[in-house]
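The report that follows walks through one protein chain, taking its aromatic contacts, its sheets and a few individual backbone positions in turn. Please keep the sequence and the structure open while reading.

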Amino acid sequence: MSSVPTIYDLPDGWRLATFHTLDGTNAEMKRFVVDGRDHAEGLIMRSDEQTAGRGRLGRTWVSPRGNVYASFLIAAPEAAIAPQIGFVAVVSVIDALGQIAELPLRCKWPNDVLLNGKKVCGILPELVSDAAGQQWLVLGIGINLQPVNVAEAAYPVTSLADHGVAASADTVVRILAQDLAHRLRQWREEGFATISKAWMAAGPALDEVIAVRMPGAADTRRGRFRGLDEQGALVLEADGQTHRIFAGEVLFQSPPEARAGVA
Ligand code: BTN
């Protein structure tokens, strides 16, 4: 196994709080903000394990020791563009994991990172307001470093260890913090286009046929992937029409061929 030494600082002004156990890092970060404790952009909470980790679509995020469970506090932008931060996060995770090892990473709309066609990272962005009425985005990120034993996973999962890569959660979070700070700066200075381009470089191929399950709906919609719009909605061409999908889940297909990393 290759391994990465721990030599990474945090970006200027960022702070990392590490816990042995929490119900969830998103839950703790939200309590911290709501309680008016000392919070600012760049506050990170990481826990060795979570007893009540949460995923998207009301799912549980199984959180034994050994993986990355972290939440990053970001000053929320106006509501219309807040979903863009999920894509900033995906691109940052791909940057960070790509720095650790050469890995066949791709992204799956909206905010999953796949390793060799299986889920290695999930992202849960949640909004919270502090007592002064300022809105914050709590960016929860889970990355599987160790093989995950989920009896009835809703999707195929994998880990860095499954691919012969060893890295500590602390190291991964520090590398990720640097990449996230960089991509956030880029997003604020250049807008969503640069992030969207980087996401697309590791996302489905344009015109690829994909299937999307809408939240709460039994049916799925199949169509050709036509890209992301400026809000991060999935643009799908189906039945001769262009659909913009804001919420849902792209279904797993047979493991796609790995594409090169992000631009
Ligand atoms: C998904 O369903 O894909 C999103 C998973 C997000 C998991 C992370 S782990 C850290 C943070 N705390 C939580 O309870 N969930 C997120």
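In this predicted model, ring pairs link Phe87, Phe192, Trp199 and Phe225 into a cluster. The structure holds three aromatic pairs. One of them joins phenylalanine 87 and phenylalanine 192 in an edge-to-face arrangement, with 5.9 Å from centre to centre and 70° between the planes. This pair links distant parts of the chain, since phenylalanine 87 belongs to helix H2 (residues 84-100) and phenylalanine 192 to helix H4 (residues 192-202), 105 residues apart. Both phenylalanine 87 and phenylalanine 192 are buried.

Phenylalanine 87 also meets tryptophan 199: the ring centres are 5.7 Å apart and the planes stand at 70°, so this pair, too, is edge-to-face. With phenylalanine 87 in helix H2 and tryptophan 199 in helix H4, the pair ties together parts that are 112 residues apart in sequence. Tryptophan 199 is buried, with a relative accessible area of 0%, while phenylalanine 87 has a relative accessibility of 3%. Elsewhere, lysine 119 lies over the face of tyrosine 155, at 4.5 Å from the ring centre.

Turning to the sheets, an open sheet of seven strands runs in the order S2-S3-S4-S8-S7-S6-S5 and has mixed pairing. Its edge strands are S2 (15-22) and S5 (105-108), each of which pairs on one side only. Neighbouring strands of this sheet are turned by 20° against each other on average, direction ignored. Strand S2 pairs with strand S3 (residues 43-50) in the parallel sense over seven bridges; within this pairing, alanine 17 has methionine 45 of S3 as its bridge partner, and leucine 22 stands opposite glutamine 50 in S3. Seven of the eight residues of S3 are buried, so this strand is largely enclosed by the rest of the structure.

Which parts of the structure cover the buried residues of H1? Helix H1 (residues 25-34) is mostly covered, with seven of its ten residues buried, namely Thr25, Asn26, Ala27, Glu28, Met29, Phe32 and Val33. What covers these buried residues includes S2, S3, strand S4 (68-75), strand S7 (118-129) and strand S8 (135-143). After H1 comes glycine 36, whose phi is positive, near 75°.

A second open sheet has five strands in the order S13-S12-S11-S10-S14, with antiparallel pairing. Strand S13 (241-245) and strand S14 (249-250) stand at its edges, each with a single partner strand, so one side of each is left without a neighbour in the sheet. Strand S10 (residues 209-213) and strand S11 (residues 220-228) pair in the antiparallel sense over five bridges, and the bridge partner of valine 209 is arginine 224 in S11.

Some loop positions also deserve a look. Asparagine 144 sits in the loop between S8 and strand S9 (165-166). Is asparagine 144 buried or exposed? Its relative accessibility is 5%, and because buried means under 20% relative accessible area, asparagine 144 counts as buried. Not counting residues up to four places away in sequence, asparagine 144 touches Trp61, Asn67, Lys119, Val120, Val157, Thr158, Ser159 and Leu160.

Most residues other than glycine have a negative phi, and most peptide bonds are trans. Against that background, a cis peptide bond joins tryptophan 109 and proline 110, with omega at about 0°; proline 110 is found in the loop between S5 and strand S6 (112-115). Two aspartates have a positive phi although neither is a glycine, and the table sets out their phi, their place and their relative accessibility.

| Residue | Phi | Loop | Relative accessibility |
|---|---|---|---|
| Aspartate 207 | about 80° | between H4 and S10 | 38%, partly exposed |
| Aspartate 239 | about 55° | between strand S12 (234-238) and S13 | 73%, exposed |

As for the confidence of the prediction, the chain averages a pLDDT of 91, and 92% of the residues score at least 70. Over residues 254-263, however, pLDDT stays under 50, and for this stretch the model has 28 contacts beyond four places in sequence.

Conventions:
Residues are numbered from 1 along each chain as its sequence is written. This is a predicted model: local features need pLDDT of at least 70, side-chain atom pairs count only at pLDDT 80 or more; totals for chains, interfaces and linings use all residues. Side-chain values use heavy atoms; hydrogens and water are left out. Two strands pair if DSSP finds at least two bridges between them. Helices (H or I, at least four residues) and strands (E, at least two) are DSSP runs, numbered from the N terminus. Axes are lines fitted to C-alpha atoms, for helices over the stretch in contact, and angles run from 0 to 180 degrees between N-to-C directions. pLDDT is the predictor's confidence in each residue, from 0 to 100. Contact means heavy atoms within 4.5 Å. Rings of Phe, Tyr and Trp (its six-membered ring) pair if their centres lie within 6.5 Å; planes under 30 degrees apart count as stacked, over 60 as edge-to-face and the rest as tilted. Buried means under 20% relative accessible area, exposed over 50%, partly exposed in between (1.4 Å probe, protein chains only). A charge sits over a ring if NZ of Lys or CZ of Arg is within 6 Å of the ring centre and within 35 degrees of the ring normal.
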